[in-house]
Amino acid sequence: MAEVINMPRLSDTMEEGVVAKWLKKKGDKVEEGDILAEIETDKATMEFESFHEGTLLYIGIEEGETAPVDTLLAIIGEEGEDISDLLKKESSEADKEAKSSEEKEESSDETEEGENEGGDNEVPDGVEIITMPRLSDTMEEGTVASWIKKEGDKVEEGDILAEIETDKATMEFESFYTGTLLKIGIQEGETAKVDSLLAIIGPEGTDVSGISTGEAKDKPAAKKEETSKPEEEKDKKEEKSSGKSESKKSSGRIFISPLAKKMAEDKGIDLSDVEGSGENGRIVKRDIEDYKPSEKPTKAEAPAEKKPAVTQAYVPAGEESFEEIKNSQMRKTIAKRLGESKFSAPHYYLTIEVDMANAMASRKQINNMPDVKVSFNDMVIKASAMALRKHPRVNSQWTGDTTKIAKHIHMGVAVAVEEGLVVPVLKFADQMSMTQIGGNVKTLAGKARDKKLQPDEMEGSTFTVSNLGMFGIVEFTSIINQPNSAILSVGTIVEKPVVRNGQIVVGNTMKLTLACDHRTVDGATGAAFLETLKIYLENPVTMLA
């Protein structure tokens with residue numbers, strides 16, 4: 001079945017678009033994801049891709065044509081499919097819209113006539129009403145930071161009227177009209193909604209007292225009088241065509257669309273040499289595309305001067321893209337629990353540096369024994385478990401009305417897996433030897449990576465150890481694994497100069513950081529725990545006492 005494709009809304013403020021280029025022609029095969037056309041919006045030229053497969057049966061807007069959003073852009077369907085009914089339907093809907101718009105215009109004309117008869121809020125000839133502009137996509141109101149022009153000042157097209165503070169930045173707002181600033185509707189420092197009456201510009205001495213400043217009222221669109229003389233029309237056209245370059249030279253300002261400006265910068269084109277074909281001499285995309293260096297005007301009066309080479313600024317180009325990965329239940333749970341912990345428990349951190357010389361020598365001796373393998377992580381877990389026995393307040397939980405101090409010591413060991421982080425639990429770790437701790441950690445870590453951990457193997461921890469030393473991390477902080485009151489972060493062993501017996505020698509140190517929940521563990525309590533932990537690690541023999 002044929003699919004109707006309308007002019008898309010490619011930006012928040014887009015009301016119409018220009019088909020800059022068709023990349024597919026009538027009769028071409030189209031796959032889902034193929035680029036159909038390049039469409040110029042009010043902000044940029046963007047690629048528009050197809051969401052349907054089939055044959056391009058009809059093109060409703062040709063290259064260079066402008067059409068409102070939701071106008072028929074193309075029809076895609078099966079090759080040879082009859083689309084006459086769709087075209088009739090689109091044509092009848094367009095007629096209805098045109099008829100509706102005509103009725104609205106007639107109604108508005110009647111309203112205007114009524115207003116004119118009454119004389120209230122009538123906008124005098126030549127007077128232009130300026131409203132608070134929408135200077136960003138999300139702007140709903142603006143503040144007049146300062147007025148550059150004052151009431152009674154002469155205003156030229158392109159002059160800066162005021163500086164307006166939006167929700168993103170303070171921006172200069174220029175006039176699109178020439179005349180006298182007759183009235184200021186929003187004073188400096190005042191804030192008003194978008195489309196509120198900002199100012200009135202018109203011929204000097206015009207009475208605008210009848211125009212309300214409380215709420216902006218759009219000026220009725222001026223109709224071209226059929227009785228106007230052809231000579232006047234001709235004069236205006238001649239003035240407009242001859243005035244483009246003159247106004248540009250006199251004001252020193254160049255009116256150009258953002259896309260045309262970007263293209264000119266990329267091509268190294270001097271904008272002063274380009275004649276704009278847009279409204280009020282504005283330079284648009286086609287002017288840059290059609291510009292040829294040979295068309296640059298030359299001065300016969302003066303000899304050619306050598307201009308210094310202009311170094312073009314490097315503008316990096318690339319494609320912005322994202323890859324969306326569906327969050328697993330594990331990742332969602334991790335995010336939820338860590339968020340709850342970080343935002344509910346008042347964390348604070350304590351860091352110590354441990355001399356690991358004796359620990360390294362002891363580990364070497366232990367691992368020389370047959371069938372024995374002990375890691376530094378095993379030593380940290382054992383030392384932490386023993387230190388918890390001496391400082392039970394760290395081995396606690398906050399429940400709101402009470403603080404639960406655990407009499408048992410179940411050590412959680414953080415293990416990184418492909419989908420995130422899991423914390424298997426060594427139960428009664430203080431009763432295990434370092435060899436037993438090492439064997440159990442290896443088994444649990446293997447189960448975690450194979451996704452074979454049982455729920456009871458991840459529950460009941462009273463304290464957690466997280467070790468990133470194997471990745472070369474010197475020092476870091478962790479988020480408490482609730483309902484625990486603390487977590488220990490273990491860094492790598494670093495070879496560095498240390499002082500021993502008044503002499504600087506090469507030593508090996510390791511940093512440990514304890515994150516504590518201040519509701520249950522005071523600073524002195526956490527510091528005492530780390531002091532004991534340091535004694536055990538710097539003198540491993542004490543763990544055997």
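**Close-up 1. Strands β11 and β14 run antiparallel and are joined by 2 bridges.** In this predicted model, β14 covers residues 179-184. One contact to look for is K154, whose bridge partner in β14 is T180. Stepping back, the pair belongs to an open sheet of 4 strands with antiparallel pairing, in the order β9-β16-β14-β11. At its edges lie β9 (128-131) and β11 (154-155), each pairing on one side only.

**Close-up 2. Strand β2 pairs with both β7 and β4.** Here β2 spans residues 16-22, and 3 bridges join it to β7 (residues 66-68) in an antiparallel arrangement. Within that pairing, V18 has T66 as its bridge partner in β7. Another 4 bridges connect β2 with β4 (residues 35-40), again running antiparallel. Look for V19, which is matched with I39 of β4.

**Close-up 3. K29 and E79 meet in a salt bridge.** Their side chains come to 3.2 Å, N to O. K29 sits in strand β3 (residues 29-30) and E79 in the loop between β8 (72-77) and α1 (84-118), so this pair ties together parts 50 residues apart in sequence. Are the two partners buried or exposed? K29 counts as exposed at 51% relative accessibility, and E79 is exposed too, with a relative accessible area of 63%. In the whole structure, a search finds 10 salt bridges.

**Close-up 4. E475 pairs with K511 in a salt bridge.** The closest N and O atoms are 3.4 Å apart. E475 belongs to the loop between β24 and β25, while K511 lies in strand β26 (residues 503-517), so the contact ties together parts that are 36 residues apart in sequence. E475 is partly exposed at 40% relative accessibility, and K511 is partly exposed with a relative accessible area of 27%.

**Close-up 5. A nonpolar patch on the surface is formed by M470, F471 and I473.** Together these residues offer about 340 Å² of accessible area. You can find M470 in the loop between β24 (463-467) and β25 (486-500). M470 is exposed, with a relative accessible area of 58%.

**Close-up 6. The second largest pocket holds about 900 Å³ of space.** Which residues come closest to its centre? They are R337, L421, V422, V423 and N481, out of 33 lining residues. The elements giving two or more residues to the lining are α5 (329-344), β22 (420-422) and β24. Helix α5 provides the largest share of this lining, 7 residues.

Key
Residues are numbered from 1 along each chain as its sequence is written. This is a predicted model: local features need pLDDT of at least 70, side-chain atom pairs count only at pLDDT 80 or more; totals for chains, interfaces and linings use all residues. Side-chain values use heavy atoms; hydrogens and water are left out. Two strands pair if DSSP finds at least two bridges between them. Patches are made of residues with over 30% relative accessible area and no salt bridge: like charges are joined within 9 Å, nonpolar side chains (Val, Leu, Ile, Met, Phe, Trp, Tyr) within 5 Å. Accessible areas come from the Shrake-Rupley method with a 1.4 Å probe; for residues, only the protein chains shown count as cover. A salt bridge is a side-chain nitrogen of Lys or Arg within 4 Å of a carboxyl oxygen of Asp or Glu. Buried means under 20% relative accessible area, exposed over 50%, partly exposed in between (1.4 Å probe, protein chains only). On a 1 Å grid over the protein atoms alone, a cavity is a set of points where a 1.4 Å probe fits but cannot get out, and a pocket is an open set with protein on both sides within 12 Å along at least five of seven lines; lining residues have an atom within 4 Å of a point. Grid points are joined across faces, edges and corners, and a volume is the space filled by probe spheres set on the points.
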